[in-house]
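This report describes the fold of one protein chain, moving from whole-chain figures to helix packing and then to single residues.

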Amino acid sequence: TASGGRLRGQLKTNDLLRNPFFQELLQSMTEEERETYRAEKRARSLELRAKEKQSIQTTRKMIAESKQRVCIDMEWHSQLTEKELNSLYKQLNYTYAAVRKAVAGGRKGLKLIFTGVDAALKQDMQRKVRPVPVN
């Protein structure tokens, strides 16, 4: 992956706005063409968000119906350094992504259960683990 966790060839909107080729393209458009372009881009974005939301809902439903469970004890989190915690969050994101991929492939998911989660850890996980597996 490229810096910032993006895949190669994938640019953020701000990167596009700074891209001279893209700026020239936008400037060559009429105001009406720019508005059409922006409306199409918004529509694509909304469609992608709706698909992602549906995918997450399907995954959560499959996981809820699953009889397989994995329990992760988080009670020892206070003994980890910040770097180790960030690594743990990254691993949890990988785990959740693998579960989602399995569900998308037609296999049953598994339920991730977290124990020993205090209020501070829950808040930290809500910011760094997507989607949040903590109830």
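Among contacts in the protein chain between residues at least 6 apart in sequence, 65% join residues at least 24 apart. The model is a predicted one. The protein chain contains five helices and two strands, and read from the N terminus the order of these elements is α-α-α-β-α-β-α. Of its 135 residues, 23% count as buried. The accessible surface of the protein chain is about 10,200 Å², and carbon and sulfur atoms account for 53% of that area.

**Helix packing**

Two packed helices are described by the angle between their axes and the distance between the axes. Two helix pairs are tabulated here.

| Helix pair | Angle between axes | Distance between axes |
|---|---|---|
| H2 and H3 | about 125° | 8 Å |
| H3 and H4 | roughly 90° | within 10 Å |

Helix H2 covers residues 20-28 and helix H3 covers residues 31-65. An angle of about 125° is outside the range of 65 to 115 degrees for roughly perpendicular and is not over 145, so H2 and H3 are oblique to each other. On the H2 side the contact is formed by Phe22, Leu26, Gln27 and Ser28, and on the H3 side by Glu33, Arg34 and Tyr37. By class, the residues of this contact of H2 with H3 are three nonpolar, two polar and two charged.

For the second pair, the axes of H3 and H4 cross at roughly 90°, which makes H3 roughly perpendicular to H4. From H3 the contact takes in Glu52, Ser55, Ile56, Thr58, Thr59, Arg60, Met62 and Ile63, and these meet Tyr96, Val99, Arg100 and Val103 in H4. The contact of H3 with H4 divides into six nonpolar, three polar and three charged residues.

**Two residues of H3**

Met62 and Ile63 both appear in the contact with H4. Met62 lies in helix H3. With neighbours within four places in sequence left aside, Met62 is in contact with Val103, Arg107 and Lys108. Its C-alpha is 6.1 Å from that of Gly109, although Met62 and Gly109 are 47 residues apart in sequence.

Ile63 is also found in helix H3. Is Ile63 buried or exposed? Its relative accessible area is 12%, so Ile63 is buried, the cut-off being under 20%. Leaving aside neighbours within four places in sequence, Ile63 is in contact with Tyr96, Val99, Gly109, Leu110 and Lys111. Ile63 and Lys108 are separated by 45 residues in sequence and by 7.1 Å in space, C-alpha to C-alpha.

**The largest nonpolar core**

The largest nonpolar core has 14 residues, and those touching the most other members are Met74, Tyr89, Leu92, Phe114 and Met125. Which elements give two or more residues to this core? They are helix H4 (82-104), strand S2 (111-115) and helix H5 (119-128). H4 supplies the largest share of the core, six residues. Helix H4 thus appears in this core as well as in the contact with H3.

Note on methods:
Residues numbered from 1 in each chain as written. Predicted model: local features only at pLDDT ≥ 70, side-chain atom pairs only at ≥ 80, totals over all residues. Heavy atoms only, no water. Helix = DSSP H or I, 4+ residues; strand = E, 2+ residues; numbered from the N terminus. Buried < 20%, exposed > 50% of the residue type's maximum accessible area, 1.4 Å probe, protein only. Contact = heavy atoms within 4.5 Å. Areas by Shrake-Rupley, 256 points an atom, 1.4 Å probe, with all protein chains shown as cover. Axes fitted to C-alpha atoms, helices over the stretch in contact; angles between N-to-C directions. Parallel < 35°, antiparallel > 145°, perpendicular 65-115°, else oblique. Nonpolar A, V, L, I, M, F, W, Y, C, P; charged D, E, K, R; others polar. Core = buried A, V, L, I, M, F, W, Y, C linked by side-chain atoms within 4.5 Å.
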